[in-house]
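Got the viewer open? Here is a short tour, one selection at a time, with a note on what turns up at each stop.

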Amino acid sequence: MNRTTLSLIAAATALAAVTGFAAVSAPDSADTAATAKTPARLPVERSSLLCPAPSTSELAETVYTSFTPAGADGAGTGGTAELAPSAAPLDDATADDDGKKDEEKDEEQTGDTAGDDSAKEPAADGADAKAKPFLALKEPGKPVSGTKNTSDAPALVGTATGRLAPGWTTQQTTTVTGGEGRGLLGVSCTPPDTDFWFPGASTDKARQDYVHLTNPDDTAAVADVALYGKGGTLKSDAGEGIPVPARSSVPVLLSTLTAEAEPNVTVHVSTRTGRVGAVVNAADENLGGDWLAASADAAPRAVLPGIPADATSVRLVVFAPGEDDAELKVRLAGKSGTIVPAAAAETLNVKSGMTASLDLGDVTKGEAGSVLLGPAEDAGETPVVAALRVVRGKGTDQEVAFIPATGAVTERATAADNRAKGSTLSLTAPDGTGKVKVTASAGTEGGEQVVETYTVKGGTTQAVTPPVPQDLKGSYALTVEPESGGPVHAARTLALTRDGVPMFTVQTLPDDRGMVSVPATKEDLSVLK
């Protein structure tokens with residue numbers, strides 16, 4: 001085997017080991033001559049997703065929606081996409097004293113696993129136990145959904161292969177109608193990784209923030225959780241060397257890691273061995289709760305799209321993980337253009353290793369928008385991570401959600417679990433004008449896909465009611481693909497009102513990484529042994 005062959009296989013193997021996304025096939029030998037100078041773009045053949053345990057509330061109702069976009073060239077045929085309970089649920093209480101299934105807590109399902117009781121059994125304790133699938137996707141372009149209405153719902157671990165792997169997406173949406181963590185809690189299930197940043201968390205007495213660590217592999221992982229406040233690192237004796245057993249999930253209450261109560265904290269999760277999925281569940285005793293997803297990789301510029309038009313309070317939280325301080329200009333991209341909010345008239349100084357925050361108030365003034373961050377005039381290009389805490393409503397009828405910085409949609413991105421009413425798609429073009437195609441998939445229970453295109457002017461945010469499939473039954477997925485022009489960043493808001501409380505959740509749409517570049521080679525890799 002020659003050096004070129006070794007380099008290609010090593011690159012693909014290393015990428016797969018880190019992300020869980022990059023199992024690929026070699027290009028056909030007939031194509032290699034034409035691509036000798038240009039890396040081939042091939043669909044991934046294996047994807048991994050991890051969904052955290054949704055809630056311990058007896059009032060929780062959780063919907064899972066799984067989807068793979070159709071039409072990935074070269075994706076081949078066959079494949080599976082299944083989500084199963086982790087080996088160690090947050091609270092294993094799905095059986096009564098006699099070991100029989102509690103019928104009152106039985107899951108309700110729709111989609112391809114509906115009516116299959118074997119798909120509803122939780123995994124037995126122990127890393128070697130293989131849980132039966134809870135939710136299984138059968139074909140690209142048609143989402144499936146399942147529900148679980150109990151407080152003991154476990155974390156889910158999933159893998160997609162073959163034609164179902166490129167762009168596989170799962171949305172977890174939980175409605176909690178009362179209690180401290182009330183609200184509409186939404187999260188896009190995450191791929192495993194080794195490093196995560198979460199600006200916008202808290203160890204304040206009014207907050208109960210847990211970072212959920214989920215291990216998809218058959219060997220244990222070891223993670224470190226570091227906390228940073230406005231003065232730097234928060235003292236902690238318990239955040240290092242946290243074991244995460246094989247195919248299990250561990251929730252860590254942030255306030256137990258430090259004695260320092262801070263309203264604005266940045267959480268850094270890294271692994272010493274193995275890999276995990278990580279996401280923060282934030283519950284405020286006054287504002288309800290939602291999931292805080294990881295920020296995009298640290299960069300000198302950041303886009304935080306999807307602030308609702310009726311937001312009553314917006315707080316920006318920023319952290320500079322490198323050795324240099326950051327001097328940032330904060331702008332708001334709205335329907336008609338970009339402005340500097342009054343609260344951000346001065347540049348935002350972010351000291352290295354310290355968490356900075358800026359209260360923007362009701363910055364949108366009735367017009368949906370997005371926050372743009374970049375170096376101030378004559379300032380250096382210092383990488384930062386960032387997130388927004390967004391509040392809707394007033395008085396006792398308030399609800400909170402979080403918007404992390406997100407990358408542009410470079411090839412394709414999807415948000416699952418959209419409803420006939422209550423969904424809003426926010427599209428932001430921070431630089432030049434960009435044009436995107438938006439596909440509304442078939443519904444989980446019926447309907448035909450619909451496609452629309454949107455042109456977003458540079459420096460603006462376009463908040464639209466997305467297309468709805470014809471004859472929709474159930475929920476559906478929205479897939480965004482760039483067509484021309486400058487980069488576009490996207491977010492989806494799902495909203496509903498319960499007992500006067502304007503519940504909502506916002507999921508950003510980073511690129512789904514369904515395609516991967518494979519180094520060009522003149523060798524015929526199809527005959528390697």
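A residue counts as buried when its relative accessible area is under 20%, and as exposed when that area is over 50%; anything in between is partly exposed. Keep those cut-offs in mind, and remember throughout that you are looking at a predicted model.

**The whole chain**

Start with everything shown as a cartoon. You should see two helices and 38 strands. Switch to a surface: about 21600 Å² is accessible, and carbon and sulfur atoms own 47% of that. Of the 529 residues, 54% count as buried. Contacts reach a long way along the sequence, too: among those with a separation of 6 or more, 81% link residues 24 or more positions apart.

**Stop 1: F198**

Select F198, which sits in strand β10, residues 195-201. Is F198 buried or exposed? With a relative accessible area of 0%, it falls under the 20% cut-off, so F198 is buried.

Now show what surrounds the side chain. Setting aside residues up to four places away in sequence, F198 touches V265, T266, V267 and V269, then A278, V279 and V280, and finally L292, A293 and A294. Pick V279 from that set and draw a distance: its C-alpha lies 8.1 Å from that of F198, although the two residues are 81 apart along the chain.

**Stop 2: the largest pocket**

Stay around β10 and bring up the largest pocket, which has a volume of about 1100 Å³. Of its 42 lining residues, P191, A294, P510, D511 and R513 are the closest to the centre. A294 is one of the residues you just saw touching F198.

Colour the contributing elements next. Those that give two or more residues to this lining are β8 (169-176), β9 (183-188), β10, β18 (288-292), β27 (397-404), β28 (413-418) and β37 (501-508). Colouring the lining by class gives 24 nonpolar, 12 polar and six charged residues.

**Stop 3: the cavities**

How many cavities of 30 Å³ or more does a search of the whole structure find? It finds two.

Go to the largest cavity, with about 40 Å³ of space. To frame it, select L50, C51, P52, T190, H212, T214, G277, A278 and V279. The elements giving two or more residues to the lining are β2 (46-51), β11 (207-214) and β17 (277-284), and β17 supplies the largest share, three residues. By class, five of the lining residues are nonpolar, four are polar and none is charged. A278 and V279 should look familiar, since both also touch F198.

The second largest cavity has a volume of about 30 Å³. Select G200, A201, R207, P263, N264, R315, V317 and R389 to see its lining. Here β10 and β20 (311-319) are the elements that give two or more residues. The class split is three nonpolar, two polar and three charged.

**Stop 4: strand β19**

Select residues 302-307, strand β19, where six of six residues are buried. Add strand β25, residues 369-375: the two strands pair in the antiparallel sense over four bridges. To find one of the partners, click A302 and look across to L373 in β25.

**Stop 5: two aspartates with positive phi**

Follow β25 into the loop between β25 and β26 (385-394), where you will find D378. Check its backbone: phi is positive, about 70 degrees, and D378 is not a glycine. Why stop for that? Most residues other than glycine have a negative phi. D378 is exposed, because its relative accessible area of 80% is over the 50% cut-off.

Then jump to D471, another non-glycine residue with a positive phi, this one about 55 degrees. D471 lies in strand β34, residues 470-473. Its relative accessibility is 67%, so D471 counts as exposed.

**Stop 6: K437**

Finish with K437 in strand β30, residues 434-440. The relative accessible area of K437 is 27%, which means it is partly exposed. Beyond its neighbours within four places in sequence, K437 is in contact with V451, E452 and T453, and also with T479, V480, E481 and E483. For a last distance, draw C-alpha to C-alpha from K437 to S484: the two are 9.6 Å apart in space and 47 residues apart in sequence.

How values were computed
Residues are numbered from 1 along each chain as its sequence is written. Side-chain values use heavy atoms; hydrogens and water are left out. Buried means under 20% relative accessible area, exposed over 50%, partly exposed in between (1.4 Å probe, protein chains only). Contact means heavy atoms within 4.5 Å. Accessible areas come from the Shrake-Rupley method with a 1.4 Å probe; for residues, only the protein chains shown count as cover. On a 1 Å grid over the protein atoms alone, a cavity is a set of points where a 1.4 Å probe fits but cannot get out, and a pocket is an open set with protein on both sides within 12 Å along at least five of seven lines; lining residues have an atom within 4 Å of a point. Grid points are joined across faces, edges and corners, and a volume is the space filled by probe spheres set on the points. Ala, Val, Leu, Ile, Met, Phe, Trp, Tyr, Cys and Pro count as nonpolar, Asp, Glu, Lys and Arg as charged, and the others, Gly among them, as polar. Two strands pair if DSSP finds at least two bridges between them.
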